[in-house]
Structure formats: structure tokens, C-alpha cells
Amino acid sequence: MPVVDAIARVETFPLRIPFRPANGSSTAPRPPVDSLLVKITTGDGVAGWGEAFGFEAAPMTRWSVEELIAPLCLGRDAARIGPLMREIQQKLQVFGRGGTVMHALSAVDTALWDIAGRAAGVPLHRLLGGGAPDLPCYASLDPLGAEPLVRAGVRAALDAGFRAVKLHERAPSVVRAARSEAGDTTTLMLDVNCAWTLAQARQAAADMAGVGLRWLEEPVWPPENFAGLAALRAGCGIPIAAGENAATLLDFGRLMDAGAVDVLQPSPAKMGGVTELRQVFPVAAVRNVAVLPHTFYHGPGLLAAIHVTAALGTADAMIEWRYSDLEALPYGEAVVPAAGRIAVPNGPGLGADPDPGVLGRYLSD
Ligand SMILES: [Mg+2]
């Protein structure tokens with residue numbers, strides 16, 4: 001007997017969205033942002049959406065979805081996500097447990113959870129037990145570099161209603177300037193994307209003493225240098241955040257076992273989708289580690305993080321909102337924060353569909 005809700009179609013939608021032209025002449029033109037959405041449709045016509053971390057590797061990720069993962073999914077029961085994900089992870093483990101293939105699988109997994117919610121007629125957060133109607137967001141700024149640009153970015157985010165701002169800067173002097181612009185009541189974070197050696201990180205942390213950072217994110221190279229993170233954390237006086245480059249539950253367990261983090265940042269478009277993300281929360285909770293997912297993107301991966309955080313997050317939960325001046329967003333105006341908070345969608349599944357106009361206009365091939 002055929003499976004009623006067998007996976008019938010797996011489609012990829014590579015998007016390339018440019019930034020709006022900068023006001024004034026101080027900002028160099030920036031390349032557009034690539035992302036990869038995945039749509040899965042069942043034989044009985046239920047469709048779900050997922051997102052893989054894109055950026056420059058989007059073509060590799062797309063190939064992984066279409067050539068590696070889709071053949072393992074077609075004809076399979078869309079309602080048995082866990083067993084299917086385990087089987088595919090086992091089949092593809094030779095290609096690495098993190099990186100492009102796992103990013104691709106994250107999108108497929110999220111799309112299947114979207115389908116599960118839609119088939120049940122309930123939002124994803126209800127499948128996970130239900131949760132808050134909205135969540136606070138922090139504005140995650142692009143790397144801006146020069147102090148006046150960083151000050152302007154912080155000011156714009158505060159004016160838009162955010163009460164928490166994350167910088168992607170390197171210079172302690174710029175971070176101090178951002179603090180003076182933000183005032184004492186704004187929550188301020190710094191992400192340096194693994195820029196430093198342990199010694200450099202220690203020096204930078206010392207240079208930023210008194211800034212009052214909520215966390216210092218990915219301070220040391222390489223990202224899997226958990227012992228380096230732990231050594232820094234033991235003495236630097238600033239809470240440490242990491243995890244956007246870890247994948248699957250086991251890696252997050254290792255990060256915590258190493259004593260490397262105060263804040264864990266699983267990225268649903270990278271680390272295995274909803275199936276893995278929802279497991280990280282309780283494991284972190286019993287270790288008193290906060291989970292604040294990485295979502296420097298605006299598609300189904302962001303929605304997945306919102307639903308899972310609403311259902312499983314703790315009182316200090318915040319959603320990362322990429323505060324970038326992009327020309328368009330995958331959900332248009334349907335998924336945007338207001339006054340620093342974002343609604344948890346109440347429609348079935350992820351609760352929103354990508355804007356067809358945006359898909360049509362920004363499809364990159
Ligand atoms: Mg980061």
C-alpha cells in the first residue's frame with residue numbers, strides 16, 4: 001500500500017537579495033546575500049519549507065539537497081521525521097558531521113516539521129508543547145568597521161525599538177564607542193567570528209573590561225577549540241557564547257562538557273534542523289547553559305528557531321534578528337519584529353509561507 005503522505009517533491013530556491021544603496025558615500029557597496037530555501041511537497045499536497053545556511057556556499061548546499069539528500073527522501077513517509085533523519089545522517093556521515101551536507105539536511109528536516117504542523121493543523125510550537133505569543137529580539141548588526149558607522153547602526157537599532165544589540169566588530173575602541181552610544185541600559189553583545197588566538201582574545205577582553213558585554217561570541221580560532229574557549233571563559237570576566245558552527249546534539253554536549261560556554265547558539269539552518277535543535281534545549285537546561293539560537297538569516301530557519309525557543313526556551317530567551325538593510329526579506333513584512341519583539345506565528349507548521357513576489361524576483365537562477 002502506498003504511503004499516503006509520502007515525500008513526492010523536493011525543490012530548491014536559491015535567493016540572492018542585494019542591500020539597499022547606502023545613504024551617503026562612506027559605505028562601500030556590499031555583495032548581495034545568498035540564501036537557500038527548500039520546499040518539500042507530499043503526495044497528498046501538503047507543502048513545507050526549510051532553510052539551509054547559504055551565503056557563498058549556497059550552490060554546494062543546493063547540490064547536496066538535490067543530489068545527495070532528495071533521492072533518500074523521495075517516496076518516504078513525511079510523518080516519520082526522526083527515523084528518516086537518523087537514516088540519512090548515517091548514510092551521509094562520511095561527508096562530515098557539520099558543514100554543507102548538514103546545512104542541506106537542516107533545510108529538509110525543517111521542511112518536514114513544517115509539513116508535520118500543517119498536517120496536524122497546529123503551529124510548530126504547539127507540537128512541542130506550546131509557548132509564549134511573542135519573544136524579545138536583539139538587533140544583530142552587520143560588520144560596519146568605522147566608529148561613526150557603528151554608532152549610527154546602534155542608534156538606528158535603538159530607534160527601531162530594540163533594547164539589545166549585537167556588534168560584529170573587532171576593535172575594542174569601537175566597542176566602547178558603541179556602548180557610549182547605546183547607553184547603560186541597552187544589552188550589548190560582541191561577535192568576532194573566531195578572529196583571535198587565545199592570547200589575543202584575553203588581551204581584547206581585558207581592553208573591554210567595564211563595557212558590560214552580555215556575551216563575547218566565538219572569540220577564538222578555530223571554532224572547535226573548545227578548550228581555548230574554556231580557558232578564556234575561566235578568567236576573562238565576560239560570558240562566552242558559541243555554537244553556530246557546531247552541529248548535532250553530540251557536539252553541543254561536548255561544548256558544554258568542556259566548560260566552554262555560558263550561552264549556546266545552535267543554528268537551525270546549519271546544525272540539523274528542528275530535530276536536533278529541540279534536543280539541545282533540555283540538555284543545556286540541566287547544565288544551566290542558556291540557549292539562544294543563531295539566526296543570521298530571515299527564512300524558515302529563523303521561524304524554526306522562534307517556534308522551538310517559544311516552546312522550550314528559558315526566561316532569558318532572545319531571538320537574533322539580522323538587522324541589515326536588505327532590499328527584501330523572504331517573508332516580506334509578515335515576519336518582522338516590532339518594538340524589539342517578534343510574534344510567534346500561530347498558523348499551522350512554521351506559520352508563514354515565503355512571499356511569492358520575493359521568490360519570483362530574487363531567485364538567483
Ligand atoms: Mg555569530
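Q: What makes a residue a donor of the magnesium ion?
A: A donor is an N, O or S atom within 2.8 Å of the metal. In this predicted model, Asp 191 (OD), Glu 217 (OE) and Glu 244 (OE) coordinate the magnesium ion at 2.0 Å. The value of 2.0 Å is within the 2.8 Å limit, so these oxygens count as donors. Along the sequence the donor residues follow the spacing D-x25-E-x26-E.

Q: Which parts of the chain does the pair Glu 217 and Glu 244 tie together?
A: Glu 217 belongs to strand 7 (residues 213-217), whereas Glu 244 sits in the loop between strand 8 (240-242) and helix 9 (248-257). The pair therefore ties together parts 27 residues apart in sequence.

Q: Why is Glu 244 called buried or exposed?
A: The relative accessible area of Glu 244 is 6%. Buried means under 20%, so Glu 244 is buried. Glu 217, at 0% relative accessibility, also counts as buried.

Q: How do you know where the domain bounds of the chain lie?
A: They come from an automatic or database domain assignment. Domain 1 covers 7-122 and domain 2 covers 126-355. Their centres, taken over C-alpha atoms, are 21 Å apart. The contact between them takes 33 residues from domain 1 and 40 residues from domain 2.

Q: What makes up the area buried between domain 1 and domain 2?
A: The buried area is about 3,000 Å², and carbon and sulfur atoms give 62% of it. On the domain 1 side, Glu 51, Trp 113 and Val 122 supply 22% of the area buried against domain 2, more than any other three residues.

Q: Why is the pair of Arg 118 and Asp 353 called a salt bridge?
A: The closest N and O atoms of Arg 118 and Asp 353 are 2.9 Å apart. The limit is 4 Å, so the pair qualifies. Between domain 1 and domain 2 the count is three salt bridges.

Q: What other salt bridge does Arg 118 form, and with which residue?
A: Arg 118 also meets Asp 114, at 2.8 Å from N to O. Both residues lie in helix 3 (residues 100-120), four residues apart, which is about one turn of the helix. Asp 114 is buried at 0% relative accessibility, whereas Arg 118 is partly exposed at 23%.

Q: Why is Asp 365 called buried or exposed?
A: The cut-off for exposed is over 50%. Asp 365 has 60% relative accessibility, so it counts as exposed. Asp 365 forms a salt bridge with Arg 62, with the closest N and O atoms 2.6 Å apart. Asp 365 lies in the segment after helix 12 (356-362) and Arg 62 in helix 1 (residues 58-73), so the bridge ties together parts 303 residues apart in sequence.

Q: What makes Asp 134 and Arg 341 a link between distant parts of the chain?
A: Their closest N and O atoms are 3.0 Å apart in a salt bridge. Asp 134 is in strand 4 (residues 134-141) and Arg 341 in strand 12 (residues 341-343), 207 residues apart. Asp 134 is partly exposed at 27% relative accessibility, and Arg 341 is partly exposed at 37%.

Q: How do you know whether Val 175 is buried or exposed?
A: Val 175, in helix 6 (residues 172-182), has a relative accessible area of 0% and is therefore buried. Val 175 touches Leu 167, Leu 188, Leu 190, Met 208, Val 211 and Leu 213, leaving out residues up to four places away in sequence.

Key
Residues numbered from 1 in each chain as written. Predicted model: local features only at pLDDT ≥ 70, side-chain atom pairs only at ≥ 80, totals over all residues. Heavy atoms only, no water. Donors = N, O, S within 2.8 Å, 3.2 Å for Na, K, Ca; no water. Helix = DSSP H or I, 4+ residues; strand = E, 2+ residues; numbered from the N terminus. Buried < 20%, exposed > 50% of the residue type's maximum accessible area, 1.4 Å probe, protein only. Contact = heavy atoms within 4.5 Å. Buried area = accessible area lost by both parts, 1.4 Å probe. Salt bridge = Lys/Arg side-chain N within 4 Å of Asp/Glu carboxyl O.
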